[in-house]
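Me: Can you walk me through this one? I'd like the fold, the contacts and the surface, in that order or any other.

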Amino acid sequence: MKILKILGLSLLGLLAVLLIGGLLLSPKFSVSRSVQIAASADKIFPLVANPSQWKQWSVWNRRDPAMQIEYSGPESGRGAVWAWKSASEGDGKMSFTAAEAPKRIAYDLYFPDFGTTSSGEFRFEPQPSGGTQVTWLMNGDMGKNPLFHWMALFADGMVGKDFEAGLTNLKSVAEKQP
């Protein structure tokens with residue numbers, strides 16, 4: 001009986017630490033990754049600005065080829081929207097909010113499972129030595145749930161790996177184009 005009491009108190013203590021610690025953590029997070037691509041921004045931009053092109057390079061689409069995707073709005077650029085349902089990658093919706101070809105594309109990203117919206121952008125910067133530096137940025141707020149604040153703390157490490165893999169795939173696809 002004493003062991004159950006100790007175990008119960010330990011679990012309550014752990015829960016208190018998670019909740020109180022979560023309240024002290026910022027719900028905000030930021031992720032940024034860059035890659036140099038040996039292609040012009042004119043060739044890379046359409047691969048990002050058109051949601052249907054993400055299947056070629058996005059790590060999430062590659063991890064779940066059975067992902068259900070619906071497109072709406074214009075085919076590309078500002079107003080283009082894609083929503084997905086995936087057993088392994090979760091559900092979400094991305095809406096392109098700004099497009100300045102071939103310099104920048106901005107987006108809002110909504111995850112219904114968390115009730116959170118993030119914003120981000122891709123920047124395409126021509127390099128003096130040739131090619132383009134592509135930077136993928138995302139900023140978000142995990143809301144008021146203190147347990148989600150822990151996710152914000154580790155967002156850069158978790159999402160950053162997917163950004164790196166996606167940018168590596170984007171580089172491969174862009175550099176193979178004629």
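Reply: A cut-off first: a salt bridge here is a side-chain nitrogen of Lys or Arg within 4 Å of a carboxyl oxygen of Asp or Glu. Keep in mind that this is a predicted model.

Me: OK. How many salt bridges does that rule give?
Reply: The count comes to nine salt bridges. Glu121 and Arg123 make one of them, at 2.4 Å from N to O.

Me: Are Glu121 and Arg123 buried or exposed?
Reply: Glu121 has 12% relative accessibility, so it counts as buried. Arg123 is partly exposed, with a relative accessible area of 38%.

Me: Which residues share that network with them?
Reply: Glu100 and Arg104 do. Shared salt-bridge partners join Glu100, Arg104, Glu121 and Arg123 into one network.

Me: And what stands opposite Arg123?
Reply: Thr135 in β7 does. Strands β6 (residues 116–126) and β7 (residues 132–141) pair in the antiparallel sense, over nine bridges.

Me: Which salt bridges link distant parts of the chain?
Reply: Take Arg33 and Asp156, whose side chains meet at 3.0 Å, N to O. Arg33 lies in strand β1 and Asp156 in helix α4 (residues 146–176), so the pair ties together parts 123 residues apart in sequence. Another is Asp162 with Arg63, where the closest N and O atoms are 3.0 Å apart. Here Asp162 sits in helix α4 and Arg63 in helix α3 (residues 59–63), 99 residues apart.

Me: How buried are those four?
Reply: Arg33 is buried, with a relative accessible area of 17%. Asp156 is partly exposed at 34%. Asp162 is buried, at 15%. Arg63 counts as partly exposed because its relative accessibility is 42%, and buried means under 20%.

Me: Let's back up to the fold. What are the elements?
Reply: The protein has four helices and seven strands. From the N terminus they run α-β-α-α-β-β-β-β-β-β-α.

Me: How are the strands arranged in the sheet?
Reply: They make an open sheet of seven strands with antiparallel pairing, in the order β1-β7-β6-β5-β4-β3-β2.

Me: Which are the edge strands?
Reply: β1 (28–37) and β2 (68–72). Each of these pairs on one side only. Neighbouring strands of the sheet are turned by 15° against each other on average, direction ignored.

Me: What holds strands together in a sheet, in general?
Reply: Backbone hydrogen bonds, in either a parallel or an antiparallel arrangement.

Me: Where are the hairpins?
Reply: β3 and β4 form one, with six residues between them. Gly90 in that turn has a positive phi of about 85°. A hairpin through three residues joins β4 to β5.

Me: How many bridges in each pairing?
Reply: β3 and β4 pair over four bridges, antiparallel. β4 and β5 (residues 104–111) pair over seven, also antiparallel. In the β4 and β5 pairing, Lys93 stands opposite Tyr110 in β5.

Me: Tell me about Ala87. Which loop is it in?
Reply: The loop between β3 (81–85) and β4 (92–100). Ala87 is exposed, at 87% relative accessibility. In space, its C-alpha is 9.6 Å from that of Gln68, and the two residues are 19 apart in sequence.

Me: What about aromatics?
Reply: A search of the whole structure finds 16 aromatic pairs. One of them is Trp82 with Trp84, a tilted pair. Their ring centres are 4.8 Å apart, with 45° between the planes.

Me: Are Trp82 and Trp84 buried or exposed?
Reply: Both are buried. Trp82 also stands opposite Met94 in β4.

Me: Switching to the surface. Which residues form the nonpolar patch?
Reply: Met1, Leu4, Leu7 and Leu11, with about 510 Å² of accessible area together. Met1 lies in the segment before α1 (2–24). At a relative accessible area of 82%, Met1 is exposed.

Me: Last thing. What are the overall dimensions, and what share is buried?
Reply: The C-alpha atoms fill a box of roughly 70 × 35 × 25 Å along the principal axes. Buried residues make up 38% of the 178 residues.

Terms used:
Residues are numbered from 1 along each chain as its sequence is written. This is a predicted model: local features need pLDDT of at least 70, side-chain atom pairs count only at pLDDT 80 or more; totals for chains, interfaces and linings use all residues. Side-chain values use heavy atoms; hydrogens and water are left out. Helices (H or I, at least four residues) and strands (E, at least two) are DSSP runs, numbered from the N terminus. Buried means under 20% relative accessible area, exposed over 50%, partly exposed in between (1.4 Å probe, protein chains only). Rings of Phe, Tyr and Trp (its six-membered ring) pair if their centres lie within 6.5 Å; planes under 30 degrees apart count as stacked, over 60 as edge-to-face and the rest as tilted. Patches are made of residues with over 30% relative accessible area and no salt bridge: like charges are joined within 9 Å, nonpolar side chains (Val, Leu, Ile, Met, Phe, Trp, Tyr) within 5 Å. Accessible areas come from the Shrake-Rupley method with a 1.4 Å probe; for residues, only the protein chains shown count as cover. Two strands pair if DSSP finds at least two bridges between them. Axes are lines fitted to C-alpha atoms, for helices over the stretch in contact, and angles run from 0 to 180 degrees between N-to-C directions.
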